[in-house]
Amino acid sequence: MRDRCVMATLLISLSLFVINVATLCAQGTAPSAISKNQRVESVDLSGVWGNLGSSVPAAGAPHAEGPYLLSPKGSMKDAGTPADGVPYRPWAITKLNSERPPGGPHATFDRSTDPNIQYCELYGVPRIYNSPSKYKFVQTQEAVYILYEYGVVWRVVWLNRKHSADPDPSYMGESIGWYEGKDTLVVDSIGFNDKTWLDSIGRPHTEKLHVIERIRKVSQDKLELAITIDDLGAYSAQWSYPTKTVDRSKDFAKETWPCSVRENNDFNDSMETPTTAPAK
Amino acid sequence: MRFGIFAAFALAGALLLGSSRLSAHHGTSGYDMDKDTVLKGTITQFDWTNPHGEIHFDAADANGAVQGWIVECGPPSRLVETGWTRHSLASGDHVTLYFHAAKNGSPRGILVKVALESGQVLENRA
């Protein structure tokens, strides 16, 4: 009788385990909610990170590539062409080619159509990583907060939570995250408006944008940032930027980098307009 | 044939180099990045500001006529990485500026580096 009870208990436990696993699988890649007492395996992302731009070279001197998000294929000069490996919808490449971006092979000096330069609208994701500035992760049990110097902006990456059914469109989207293994934070974001650019080249997106960031700590002083774009409104298939290596830095927020329309206009008046005026 | 291959590599290199000259805020197509300009000048104003700092200075041309210039440098958050502070330059300082001047001949440019009277050299970071 006792053996039967033990066997029945084991069967019930096994059934519950199978049901739980099936539920997890049905929810996709994001783990389900983790109970308060469960230990969360995480990667320590503390510190300051970022690639900090490069010096302006003298004539003929070599120039290091900036910390910019480029294209799956080709070099910077191929960005925005069929050689760049991005599966643009026809309207998306037409819109890209109509822009006056601050970066890429067609970088313009003045009268940029960049919504960040024109209006100081937030960079959004993943463009926020295009800035040659620093960022910091603040990790808690319920969320990872990412603080960015550029734009003086922050995001919340909710752990142990699913996406909202219908998030309101916003500049930085709605982000959930989870840890994979002992070295990676995965950030999954939806709920974007369509006002931002994906990068400084000017690649557009729609409100269907879904961004997956895989932030892997490869050593004490290096992160790898792999970004996948999933937006069937603008692109016919998922595509990924080349993995970026991000260096450990220091002195977070010693100088933040706010965006000011007034300062942009002042710079336009003092530098851009005189520099682009017809030669006398 | 060998010249053709060399020319192709040179063109590819030029395209790559030219295209990689980027700024967080704007391109550099307004400046002659293939030519360095060096001027000794007197600082008249230093704007420690975003999106780019601005160095205003007076410099004499070959005929001795004094002209007011403005060259841009990086924003404060980048300049601090190479030792700049908002007090690095002050009105009246005598400095030597290395920069790329505007293509259209206007007295504007983008800084490469500035040598102070003390001998300290501050590099631009954009």
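The legends below describe close-up views of a predicted model with chains A and B.

**View 1. The make-up of chain A.** Chain A of this predicted model has four helices and ten strands, and from the N terminus on its elements follow the order α-β-α-α-β-β-β-β-β-β-β-β-β-α. Of the 280 residues in chain A, 35% are buried. When contacts between residues at least 6 apart in the sequence of chain A are considered, 54% of them join residues that are at least 24 apart.

**View 2. The strands β5, β6 and β7 of chain A.** Strand β5 of chain A, which covers residues 174–180, runs antiparallel to β6(A), and seven bridges join the two strands. Within this pair, A:Y179 stands opposite A:L185, a residue of β6(A). The two strands β5(A) and β6(A) form a hairpin with three residues between them, and in its turn A:G181 has a positive phi of about 60°. On from this hairpin, β6(A) also pairs with β7(A), again in the antiparallel sense, over six bridges, and here A:S189 has A:V211 in β7(A) as its bridge partner.

**View 3. The surroundings of A:I201.** The residue A:I201 is found in the loop between β6 (184–190) and β7 (210–219) of chain A. Is A:I201 buried or exposed? A:I201 counts as buried because 26 other C-beta atoms lie within 10 Å, where 20 or more are needed. If its neighbours within four places in sequence are left aside, the residues in contact with A:I201 are A:A79, A:G80, A:P101, A:G103 and A:G104. One of these contacts, A:P101, is 100 residues away from A:I201 in sequence, yet the C-alpha atoms of the two are 5.7 Å apart in space.

**View 4. The nonpolar cores.** The largest nonpolar core has 44 residues, and those with the most contacts inside it are A:L70, A:A92, A:I128, A:Y148 and A:Y235. At least two residues of this core come from each of α2 (90–98), β3 (143–148), β4 (153–159), β5, β6, β7 and β8 (222–230) of chain A. One member, A:I128, is in contact with A:Y123, A:Y148 and A:Y150, once its neighbours within four places in sequence are left aside. Apart from the largest core lies another, of 27 residues, which includes A:V56 together with B:W69, B:F99 and B:I110. As background to this view, nonpolar side chains in soluble globular proteins tend to be buried together.

**View 5. The strands β2, β3 and β5 of chain B.** Strand β2 of chain B, which covers residues 53–60, is joined to β3(B) by eight bridges, and these two strands run antiparallel. In this pair, B:I55 stands opposite B:V71 of β3(B). The hairpin of β2(B) and β3(B) has five residues between the strands, and B:G64 in this hairpin takes a positive phi near 90°. In what sense do β3(B) and β5(B) pair? They pair in the parallel sense, over three bridges, and the partner of B:E72 in β5(B) is B:I110.

**View 6. The side of chain B that touches chain A.** Here 45 residues of chain B are in contact with 45 residues of chain A. The elements of chain B that give two or more residues to this side are α1 (2–20), β3 (66–73), α2 (76–79) and β5 (108–115), and α1(B) gives the most, with five residues. By kind, the residues on this side of chain B divide into 17 nonpolar, 17 polar and eleven charged.

Definitions and conventions: Residues numbered from 1 in each chain as written. Chains lettered and ligands numbered in written order. Predicted model: local features only at pLDDT ≥ 70, side-chain atom pairs only at ≥ 80, totals over all residues. Contact = placed C-beta atoms within 7 Å. Nonpolar A, V, L, I, M, F, W, Y, C, P; charged D, E, K, R; others polar. Buried ≥ 20, exposed ≤ 12 C-beta atoms within 10 Å, placed from the backbone. Pairing = 2+ DSSP bridges. Core = buried A, V, L, I, M, F, W, Y, C linked by C-beta atoms within 7 Å.
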